[in-house]
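Student: I have a model open and want to learn how to read it. Where should we begin?

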Amino acid sequence: MSLLNNIIIKTMPILPKKMVKIIADKYVAGNTISDAIHKTKNLNSQGYEVTIDLLGEHIKELDEINNITNIYIELLEQIHSKNLLSNISVKPTHIGLDIGIDTFKKNAIKLVEKAQKLNNFIRFDMESSTTTDATIETFKEIHKEHKNIGTVFQAYLKRTYSDLENLMNQQINFRLCKGIYNEDAGIAYKDYNEINENYLKIAELAFKNDSYIGLATHDLNLTKRLYDLIDKYSVPNDKFEFQVLYGVPMKGWLQKHLDNKFKVRVYLPYGPQWYEYSIRRLKENPNIAKYVAKSIFSKRDY
Ligand SMILES: Cc1cc2nc3c(=O)[nH]c(=O)nc-3n(C[C@H](O)[C@H](O)[C@H](O)COP(=O)(O)OP(=O)(O)OC[C@H]3O[C@@H](n4cnc5c(N)ncnc54)[C@H](O)[C@@H]3O)c2cc1C
């Protein structure tokens, strides 16, 4: 771990909440639905679509899970009534997976059906490998009846290519990311180049099979190589989108995407859990400390 990472991690817990807020503000829309709606409107006006995420995960109380599901419903209603270009991203353990797959499925169906009525779309984020089977199984089951559902696949998992090969005949919409959790080397690639090669192999699979793919990455080398693939397969603009986390600098690439008429979707987290989220993420993945520090000193793209 670098000296900078060490310093930031050691001082985070003793920093006043107000100072942590300055850092979190770079990455989080705010506390309330209206903060998220306000930022979404702003991003839409600059040409970006959005996916809103209510911060939180691993909820084990049924009342709280039901509450959270209702907040997502309200979010869908507000997006609709304000004519915003945004779908929502939901973590399976935020709406019940830690209690059991049936609780998750029940709430997932509730959200997908509501979204369908409002002409919107729900994406289930992918959490650690302990949740992969349940998330894919739930996605597959709901997808049989409702096409306004998507999930996420992680390029660092060795299983992902074959998971997706099996889904390619079903016209799915998936997000591809590298993966953020600390997985065992037995099941996950650990090397930067291996992860990137797998990412490209999977993107190629989607392009060849006419599947819709959300290309979620801030890696500019990878982005350049994705441009080459898009070019090689003459992929139409309505078969992919680029996705980025709110606040992460992309050195002008977002504007380049827009100039090319490529859709860009910004993942926008919000909610009262911003403090815990920032501290936990820092502890779990010290590299984020480096990213936070870097982003404070670099220019945002919007
Ligand atoms: C829209 C979106 C949705 C995601 N959803 C999921 C999900 O459902 N499940 C999951 O496991 N992971 C998810 N991730 C996280 C992803 O898996 C990676 O861990 C993360 O994006 C870093 O990988 P990278 O492709 O950006 O490349 P990296 O090689 O890790 O990073 C490339 C460069 O991007 C910058 N960077 C990367 N991340 C950040 C950051 N957070 N803050 C500031 N700078 C950064 C750094 O400068 C770094 O050098 C998502 C990422 C995005 C963009």
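The dialogue below goes from the whole chain to single residues and the ligand.

Tutor: Begin with the source. This is a predicted model.

Student: What secondary structure does the chain have?

Tutor: Count the elements before looking at side chains. The chain holds twelve helices and eight strands.

Student: How many residues are in the chain, and what percentage of them is buried?

Tutor: The chain has 302 residues, and 54% of them are buried. Then look at the surface. About 14,400 Å² is exposed, with carbon and sulfur atoms supplying 52% of it.

Student: And contacts along the sequence?

Tutor: Take contacts between residues at least 6 apart in sequence. Of these, 75% join residues at least 24 apart.

Student: Which residues touch the most other members of the largest nonpolar core?

Tutor: A core is read as a network, so look for its best-connected members; here a link means side-chain atoms within 4.5 Å. In this chain the largest core has 81 residues, and Phe174 and Leu215 touch the most other members. Helix α8, residues 192-208, gives the largest share, eight residues. Another core lies apart from it, with nine residues, including Val20, Val248, Tyr275 and Ile279.

Student: What does Phe174 contact beyond its sequence neighbours?

Tutor: Set aside residues within four places in sequence. Phe174 then contacts Phe153, Leu164, Met168, Ile202 and Ile213, among others. The list also includes Arg123, Thr151 and Ser211.

Student: Now a polar residue. Is Ser89 buried or exposed?

Tutor: Read the relative accessible area against the cut-off. Ser89 has 0%, so Ser89 is buried. Ser89 sits in strand β2, residues 86-90.

Student: Which side chains make polar contacts with Ser89?

Tutor: Check the partners one by one. The side chains of Ser89 and Thr51 are joined by a polar contact of 2.8 Å. With the side chain of Arg175, the polar contact is 3.0 Å. Beyond four places in sequence, Ser89 also touches residues including Ile52, Asp53, Tyr72, Asp125 and Tyr267.

Student: Give me a contrasting case. Where does Asn260 lie?

Tutor: Asn260 is in the loop between α10 (253-259) and β8 (264-270). Its relative accessibility is 34%, which is why Asn260 counts as partly exposed.

Student: What does Asn260 touch, leaving out residues up to four places away?

Tutor: Tyr227 and Asn237. The side chains of Asn260 and Tyr227 share a polar contact of 3.3 Å. For Asn237, add the chain separation: Asn260 and Asn237 are 23 residues apart, and their C-alpha atoms are 9.1 Å apart.

Student: Now the ligand. Which residues come nearest to it?

Tutor: Read the shell as a list, then by class, then by element. There are 23 residues around the ligand, and Met126, Lys178, Gly179, Thr217 and His218 come nearest. By class, 13 are nonpolar, five polar and five charged. The largest share, three residues, comes from β7.

Student: Which residues place polar atoms by oxygen atoms of the ligand?

Tutor: Separate side chain from backbone. A polar side-chain atom of Lys178 is 2.8 Å from a ligand oxygen. For the side chain of Gln154, an N or O atom lies 2.9 Å from an oxygen of the ligand. Ile180 uses the backbone: a polar atom there is 3.0 Å from a ligand oxygen.

Student: How much of the ligand does the protein bury?

Tutor: Compare the ligand alone with the ligand in place. Alone, the ligand exposes 920 Å², and the protein buries 85% of that. The elements giving two or more residues to the shell are β4 (149-154), β5 (173-177), β7 (240-245) and α12 (287-296).

Terms used:
Residues are numbered from 1 along each chain as its sequence is written. This is a predicted model: local features need pLDDT of at least 70, side-chain atom pairs count only at pLDDT 80 or more; totals for chains, interfaces and linings use all residues. Side-chain values use heavy atoms; hydrogens and water are left out. Buried means under 20% relative accessible area, exposed over 50%, partly exposed in between (1.4 Å probe, protein chains only). Helices (H or I, at least four residues) and strands (E, at least two) are DSSP runs, numbered from the N terminus. Contact means heavy atoms within 4.5 Å. A polar contact is a pair of N or O atoms within 3.5 Å; within protein, one must be able to donate a hydrogen and the other to accept it, and residues adjacent in sequence count only if both atoms are side-chain atoms. A residue is near a molecule or strand if one of its heavy atoms lies within 4 Å of it. Accessible areas come from the Shrake-Rupley method with a 1.4 Å probe; for residues, only the protein chains shown count as cover. Ala, Val, Leu, Ile, Met, Phe, Trp, Tyr, Cys and Pro count as nonpolar, Asp, Glu, Lys and Arg as charged, and the others, Gly among them, as polar.
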